[in-house]
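Biologist: Before we discuss details, could you put the model on screen and take me through its strands, pockets and charged contacts?

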Amino acid sequence: MFSKSSFDYLIVGLGNIGMQYEGTRHNAGFAAAEKLAEKFNFEFNKHKLDAVYGETVIASKRVIVAKPQTFMNNSGKAVTKLASFYKIPYSKVLILFDDTTLDVGKIRLRQKGSAGGHNGIKDIIELSGTEEIMRIKIGIGAKPHPDYDLADYVLSKIPKEDKENFSLAIDNTVKAVEEIIANGMQSAMNKYSK
């Protein structure tokens, strides 16, 4: 579709591959990437660089939207390979992922920052060598009890009573992605990071 050095942004939704992880809280990033595909009418038709991804145009910019195929904790592999292959600077990389510190339905945008305990982000920061990577955190709610295992919680399915709010967060994530590309992170933070 485009030459490999002509992309403006790389958007990566984080998640775990495999049927057993579909619809889980930890796959919020995949859900957002799939929603982008639905809205902008593209397919994840490329399978290489440790990812499946597609190409599209958002707000007149050429964009790659990817889902790493490595499992969450090794997300950095796909992100660094894609950024390097397509010559996209890390300042134009946007990561979409789940966050247990936000209520279901909420999203939070960040220009940069530490991993905040998220292993996927930790791996991306380690392999890219920078914290200056944009991100959208998608609220999946806190675990119900302090003794409840975090891994069990994030790998559980979104419960029926949370589905509406979760859908709203995914829709807002897609809108925020558009806003970031059209008008920059600050404008998107003003609108969506409440």
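Modeller: A residue counts as buried under 20% relative accessible area, as exposed over 50%, and as partly exposed in between. Please keep in mind that this is a predicted model.

Biologist: With those cut-offs, is Glu38 buried, partly exposed or exposed?

Modeller: The relative accessibility of Glu38 is 59%, and the class of exposed residues begins over 50%. Glu38 therefore counts as exposed.

Biologist: Which residues are linked with Glu38 in a network of salt bridges?

Modeller: The side chain of Glu38 meets that of Lys35 in a salt bridge, at 3.4 Å from N to O, and because the two are three residues apart in helix α1, about one helical turn separates them. Lys35, which is partly exposed at 28% relative accessibility, also forms a salt bridge with Asp171, where the closest N and O atoms are 3.7 Å apart. Asp171 lies in helix α5 and Lys35 in helix α1, so this pair ties together parts that are 136 residues apart in sequence. The network that includes Glu38 thus links it with Lys35 and Asp171.

Biologist: How many residues apart in sequence are the parts that Lys39 and Glu178 tie together?

Modeller: The side chains of Lys39 and Glu178 meet in a salt bridge of 2.6 Å, N to O. Both partners are partly exposed, since Lys39 has a relative accessible area of 47% and Glu178 has a relative accessibility of 25%. Because Lys39 lies in helix α1 and Glu178 in helix α5, the parts that they tie together are apart in sequence by 139 residues.

Biologist: Which elements give two or more residues to the lining of the largest pocket?

Modeller: The largest pocket has a volume of about 400 Å³, and of its 20 lining residues, the closest to the centre include Phe30, Ala31 and Glu34. By class, the lining has seven nonpolar, seven polar and six charged residues. The elements that give two or more residues to this lining are α1 and α5.

Biologist: Which residue in β7 stands opposite Phe97?

Modeller: Strand β5, residues 93–99, is mostly covered, with seven of its seven residues buried. It pairs in the parallel sense with β1 over four bridges, and Ile11 stands opposite Leu94 in β5. Six bridges join β5 to β7, and these two strands also run parallel. In this second pairing, the residue that stands opposite Phe97 is Lys137.

Terms used: Residues numbered from 1 in each chain as written. Predicted model: local features only at pLDDT ≥ 70, side-chain atom pairs only at ≥ 80, totals over all residues. Heavy atoms only, no water. Buried < 20%, exposed > 50% of the residue type's maximum accessible area, 1.4 Å probe, protein only. Pairing = 2+ DSSP bridges. 1 Å grid on protein atoms, 1.4 Å probe; cavity = no way out; pocket = protein on both sides within 12 Å on 5 of 7 lines; lining within 4 Å. Points joined across faces, edges and corners; volume = space filled by probe spheres on them. Nonpolar A, V, L, I, M, F, W, Y, C, P; charged D, E, K, R; others polar. Salt bridge = Lys/Arg side-chain N within 4 Å of Asp/Glu carboxyl O.
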